[in-house]
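Hi,

Here is the structure I promised to pass on. Have a look at it first, and then read my notes below.

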Amino acid sequence: MNNKIIHDTIILTIITIVAGFLLGLVHDITLKPIADAEYKKQQAAYQKVFADASTFEAYADFDADAATKAAADAGFANDLVEGAQVALDASGNPLGYVITVTSTEGSQANITLSMGVTLDGVLNGYETTKISETPGLGSKVADADFKSQFAGKSVETFTVTKTGASSDSEIDALSGATISSRAVTNAVNAGLAYFRSIGGGN
């Protein structure tokens, strides 16, 4: 009886070790393709909000804590400024910044977007890179019709309205998705606050 227990224990241990090794191997094999896919997705988002740019390089002076503090000081404490890229033309001259912000105010989960801002403070627009809002409702913040309200504007802060936008700084909320509309708008505002904090638009 004891021999059977020992035998079964050894077999179970071997199976556990082999399974652990295989899981580790699969993880290592898939890690690079996942990272590559994420990189390509980010680069595509950058290019969409800065079509004139040839390349993007990490903003050397970016500090996540200082960036998020700048957003909080402007009234957007629920938005995390997570990164900044410098958009460069073919000659390596800076055209502006691509700023990545995550809103924690989505109706379903966090919403992450990348937004392009020219050196003189004109917002090219934004692209969502992570979103889990309700399909057909909040998910429409990723659609061209909603996003187009931000493009080509130079304002300090956007506000959401349900009665129709009457100025460049007003954004029409999506019907039935005011929370999602406000989450994205505040994320953009947080990015603009960070842009100003590094001297952008001056």
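T185 sits in helix 4, and this is a predicted model, so keep that in mind throughout. Is T185 buried or exposed? With a relative accessible area of 1%, T185 is buried, because anything under 20% counts as that. Setting aside its neighbours within four places in sequence, T185 is in contact with F146, F150, F158, T159, V160 and I171. You can also find T157 from there: T157 and T185 are 28 residues apart along the chain, and their C-alpha atoms are separated by 8.9 Å.

Now zoom out to the whole of helix 4, which covers residues 178–197. Its 20 residues should span 28 Å at 1.5 Å a residue, and the C-alpha atoms at its ends are indeed 28 Å apart, so the two values agree. Of those 20 residues, 16 are buried, which means helix 4 is largely enclosed by the rest of the structure.

Next, the helix pair. Two packed helices are described by the distance between their axes and by the angle between those axes. How do helix 2 and helix 4 cross, and at what angle? The axis of helix 2 (residues 64–73) and that of helix 4 come within 8 Å, crossing at roughly 115 degrees. The two helices are therefore roughly perpendicular to each other, and their crossing is right-handed. On the helix 2 side, the contact is made by A67, A70 and A71, while helix 4 brings in A190, A193, Y194 and S197. Sorted by class, that makes six nonpolar residues, one polar residue and no charged ones.

What comes after helix 4? G199 follows helix 4 and has a positive phi, near 90 degrees. G200 is also in the segment after helix 4, and G200 is buried, with a relative accessible area of 12%. Not counting residues up to four places away in sequence, G200 touches L119 and F195. For a pair that is separated both ways, try G200 and E38: they are 162 residues apart in sequence and 28 Å apart in space, C-alpha to C-alpha.

One last stop is G136, in the loop between strand 5 (123–130) and helix 3 (144–147). G136 counts as partly exposed, at 43% relative accessibility. Between G136 and A177 there are 9.4 Å in space, C-alpha to C-alpha, although the two are 41 residues apart in sequence.

Cheers

Technical notes
Residues are numbered from 1 along each chain as its sequence is written. This is a predicted model: local features need pLDDT of at least 70, side-chain atom pairs count only at pLDDT 80 or more; totals for chains, interfaces and linings use all residues. Side-chain values use heavy atoms; hydrogens and water are left out. Helices (H or I, at least four residues) and strands (E, at least two) are DSSP runs, numbered from the N terminus. The expected span of a helix is 1.5 Å times one less than its number of residues. Buried means under 20% relative accessible area, exposed over 50%, partly exposed in between (1.4 Å probe, protein chains only). Axes are lines fitted to C-alpha atoms, for helices over the stretch in contact, and angles run from 0 to 180 degrees between N-to-C directions. Angles under 35 degrees count as roughly parallel, over 145 as roughly antiparallel, 65 to 115 as roughly perpendicular and the rest as oblique. A crossing is left-handed if the near helix is turned anticlockwise from the far one by less than a right angle, and right-handed if clockwise. Contact means heavy atoms within 4.5 Å. Ala, Val, Leu, Ile, Met, Phe, Trp, Tyr, Cys and Pro count as nonpolar, Asp, Glu, Lys and Arg as charged, and the others, Gly among them, as polar.
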